[in-house]
Amino acid sequence: MIDVLRRILVVLVMGLCIGLLFLGGQMVKAEEKQWEWPVEGVLTDIFGSRHAKHFGIDIAAPVGTQVYAVAKGVVSRSYYSNTYGQVVFIKQTNGYETVYAHLEKRLVAEGNSVAPGQNIGWVGNTGRSSGAHLHFEVHQGSWNPDKTNAVNPLAKLDKQKLSAYVKNDLAATVFQQLHQASDNCILIHQGDTLSELAAKYEVDVEQLRKWNHLENTALNAGQVLKISP
């Protein structure tokens with residue numbers, strides 16, 4: 001009788017382990033899934049432009065065009081900023097924080113839960129803006145004033161739909177960025193040094209040179225640097 005119970009217990013434990021492995025695989029797949037675009041429009045500016053001081057992408061669209069959450073999360077901020085204008089921050093369940101700026105109107109408040117594809121506002125021209133568009137940022141972890149966690153949104157958004165957005169002279173640059181933009185790459189800012197970055201990301205200077213095919217340690221603002229193989 002004891003042997004029978006032991007066998008049943010072993011079967012149950014094995015079943016539980018297999019189930020957990022399956023769920024783990026599903027979670028990984030969910031995290032790797034590309035996000036829907038936040039608005040329908042035309043890409044007019046890219047990550048890393050303006051001397052490496054543009055930390056998002058700009059998508060032009062008429063005032064009042066619906067803006068959508070790209071992933072599931074909770075609204076971490078929803079307010080008016082002198083620079084961002086009407087802006088919504090969403091802390092996503094996948095660990096990223098996204099920013100939707102220059103809105104005409106915000107449709108969600110701080111603390112609200114949002115679903116992918118949910119209408120969270122309308123395109124506008126508020127704050128420091130020269131035309132109707134959505135300024136969209138992605139931060140790995142949390143947003144901070146220096147935007148040191150900013151990553152290229154093009155690395156996260158659905159690339160199958162990219163051609164519908166790129167209809168101008170940015171095309172060549174955008175497609176070049178797609179080959180560079182990933183979580184193991186960072187954008188070089190004015191004053192960055194290879195030794196400081198090596199210390200920050202706990203790698204050797206020589207490793208950074210090897211991964212990036214650098215002949216020396218000189219860096220240029222706007223350059224994309226791989227920080228892992």
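A residue counts as buried when its relative accessible area is under 20%, as exposed when it is over 50%, and as partly exposed in between, with a 1.4 Å probe and protein chains only. The model is predicted, so local features need a pLDDT of at least 70 and side-chain atom pairs count only at pLDDT 80 or more, while totals for chains, interfaces and linings use all residues. Residues are numbered from 1 along each chain as its sequence is written, and side-chain values use heavy atoms, with hydrogens and water left out.

**Exercise 1.** State what share of the chain is buried, and where the confidence of the model is under 50.

Solution. Of the 229 residues, 41% are buried. For the confidence, take pLDDT, the predictor's score for each residue from 0 to 100; its average over the chain is 83, and 77% of the residues reach at least 70. The stretch to set aside is residues 9-31, where pLDDT stays under 50 and the model has zero contacts (heavy atoms within 4.5 Å) beyond four places in sequence.

**Exercise 2.** Describe the surroundings of strand S5, and explain why it is largely enclosed.

Solution. Begin with the elements: helices (H or I, at least four residues) and strands (E, at least two) are DSSP runs numbered from the N terminus, and the chain has five helices and 12 strands. Two strands pair if DSSP finds at least two bridges between them. On one side of the pairing list stands strand S4 (residues 73-81), which is antiparallel to S5 over eight bridges; here Tyr79 lies opposite Val87 of S5, and a hairpin of three residues links S4 to S5. Next comes strand S6 (residues 96-106), joined to S5 in the antiparallel sense by five bridges, with Lys91 having Glu97 in S6 as its bridge partner. The hairpin between S5 and S6 also has three residues between the strands, and Gly95 in that turn has a positive phi of about 100 degrees. Finally, seven of the eight residues of S5 (residues 85-92) are buried, so the strand is largely enclosed by the rest of the structure.

**Exercise 3.** Identify which residues lie nearest the centre of the second largest pocket, and which strand gives the largest share of its lining.

Solution. The lining has 16 residues, and those nearest the centre are Arg50, His54, His102, Arg128 and His135. The largest share, three residues, is from strand S9 (residues 133-140).

Key:
On a 1 Å grid over the protein atoms alone, a cavity is a set of points where a 1.4 Å probe fits but cannot get out, and a pocket is an open set with protein on both sides within 12 Å along at least five of seven lines; lining residues have an atom within 4 Å of a point.
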